[in-house]
Amino acid sequence: DIIEQGFDAGIRLFEDVPKDMVAISLSGPLRFVTVASPGYLALRPQIQHPQDVMQHTCLRQRLPSGKRYHWEYQQHEQRFALDVPGSLTLDSGALIAEAAAAGLGVAYVPECYAQHWLDRERLVILLEDWTIASQGIALYFSQNRHMPVALRLFVDTIKAASRA
């Protein structure tokens, strides 16, 4: 709760912004992908279903709140949110993708973090039919609170940049 914590604004996935807040898009849509290095996969059982990741070493992400990010999958009406096993937990999608490229385990990251490694064939996408997309990242703030000048200028800059 940004208001309770004394913050003027926050950043999170667009669909996770509380309904009583104003949200401004900071990115386009994001597709979340499950990735691993070919070397890691060569030594382990195939991953053909989201539940299969539970038998693997997974590279987890810790959110700023301290909570671990659950891996989310959807195909038609089936939906999974998995708290995966793993001994390495990081707070950066870029670092998680790099660790996966180094063969340390399976990762779940926005595709933009994995793209560098995918282009170099250091990572491959798994569970392609189960990927989900987010509306992207949003800046959000209360509509019922006085907006500080610095935040107003920041919001105006973001809006101007999105029109350009």
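## Overall architecture

Helices and strands are taken here as DSSP runs, a helix having at least four residues and a strand at least two, and both are numbered from the N terminus. On that basis the protein, which is a predicted model, holds five helices and 11 strands. Along its principal axes the C-alpha trace spans about 55 × 30 × 30 Å.

Of the 164 residues in the protein, 37% are buried. Among contacts between residues at least 6 apart in sequence, 73% join residues that are at least 24 apart.

## Salt bridges around Arg 31

The structure contains five salt bridges, and two that share Arg 31 can be described together. Arg 31 pairs with Glu 111, their closest N and O atoms lying 3.0 Å apart, and this bridge links distant parts of the chain, since Arg 31 belongs to strand S3 (residues 30-36) and Glu 111 to helix H4 (residues 111-119), 80 residues apart. Arg 31 also forms a salt bridge with Glu 128, where the closest N and O atoms are 2.5 Å apart. Because Arg 31 lies in strand S3 while Glu 128 sits in the loop between strand S9 (124-126) and strand S10 (132-134), this second pair ties together parts that are 97 residues apart in sequence.

The members of these two bridges are partly exposed: Arg 31 has a relative accessible area of 24%, Glu 111 one of 22% and Glu 128 one of 41%. A further salt bridge joins the side chains of Arg 79 and Glu 72, with an N to O distance of 3.5 Å; here Arg 79 is exposed, with a relative accessible area of 51%, whereas Glu 72 counts as partly exposed at 23%. Through shared partners, salt bridges join Arg 31, Glu 111 and Glu 128 into one network.

## Helix H3 and the aromatic cluster

In helix H3 (residues 93-101), the buried residues are Gly 93, Ile 96, Ala 97, Ala 99, Ala 100 and Ala 101. These buried residues pack against S3, strand S4 (58-61), strand S7 (88-90), strand S8 (106-110) and H4, so that S3 and H4, the elements that carry Arg 31 and Glu 111, are both among the packing partners of H3. Just after H3, Gly 103 takes a positive phi of about 85°.

Counting rings whose centres lie within 6.5 Å, the model has six aromatic pairs. One aromatic cluster is formed by Phe 32, Tyr 69, Trp 71, Tyr 73 and Tyr 108.

## The largest pocket

The largest pocket has a volume of about 1,000 Å³. Its lining consists of 34 residues, and those nearest the centre of the pocket are Ile 11, Arg 12, Leu 13, Asp 16 and Leu 63. By class, the lining divides into 17 nonpolar, eight polar and nine charged residues.

Several elements contribute to this lining, with helix H1 (2-5), strand S1 (10-13), S3, strand S6 (78-82), H4, S10 and strand S11 (137-142) each supplying at least two residues. Strand S1 gives the most, with four residues.

## The enclosed cavity

A search of the whole structure finds one cavity of 30 Å³ or more, and the volume of the largest cavity is about 70 Å³. Its lining is made up of Ile 3, Asp 8, Phe 141, Ser 142, Arg 145, His 146, Met 147, Pro 148 and Leu 151. Sorted by class, the lining of this cavity comprises five nonpolar, two polar and two charged residues.

## Positive phi outside glycine

Most residues other than glycine have a negative phi, and two residues of the model are set against that background. His 76 has a positive phi of about 55° although it is not a glycine; His 76 lies in the loop between strand S5 (71-75) and S6, and it is exposed, with a relative accessible area of 68%.

Glu 121, likewise not a glycine, has a positive phi of about 60°. Glu 121 is placed in the loop between H4 and S9, and at 64% relative accessibility it counts as exposed, because the cut-off for that class is over 50%.

Notes: Residues are numbered from 1 along each chain as its sequence is written. Side-chain values use heavy atoms; hydrogens and water are left out. A salt bridge is a side-chain nitrogen of Lys or Arg within 4 Å of a carboxyl oxygen of Asp or Glu. Buried means under 20% relative accessible area, exposed over 50%, partly exposed in between (1.4 Å probe, protein chains only). On a 1 Å grid over the protein atoms alone, a cavity is a set of points where a 1.4 Å probe fits but cannot get out, and a pocket is an open set with protein on both sides within 12 Å along at least five of seven lines; lining residues have an atom within 4 Å of a point. Grid points are joined across faces, edges and corners, and a volume is the space filled by probe spheres set on the points. Ala, Val, Leu, Ile, Met, Phe, Trp, Tyr, Cys and Pro count as nonpolar, Asp, Glu, Lys and Arg as charged, and the others, Gly among them, as polar. Contact means heavy atoms within 4.5 Å. Rings of Phe, Tyr and Trp (its six-membered ring) pair if their centres lie within 6.5 Å; planes under 30 degrees apart count as stacked, over 60 as edge-to-face and the rest as tilted.
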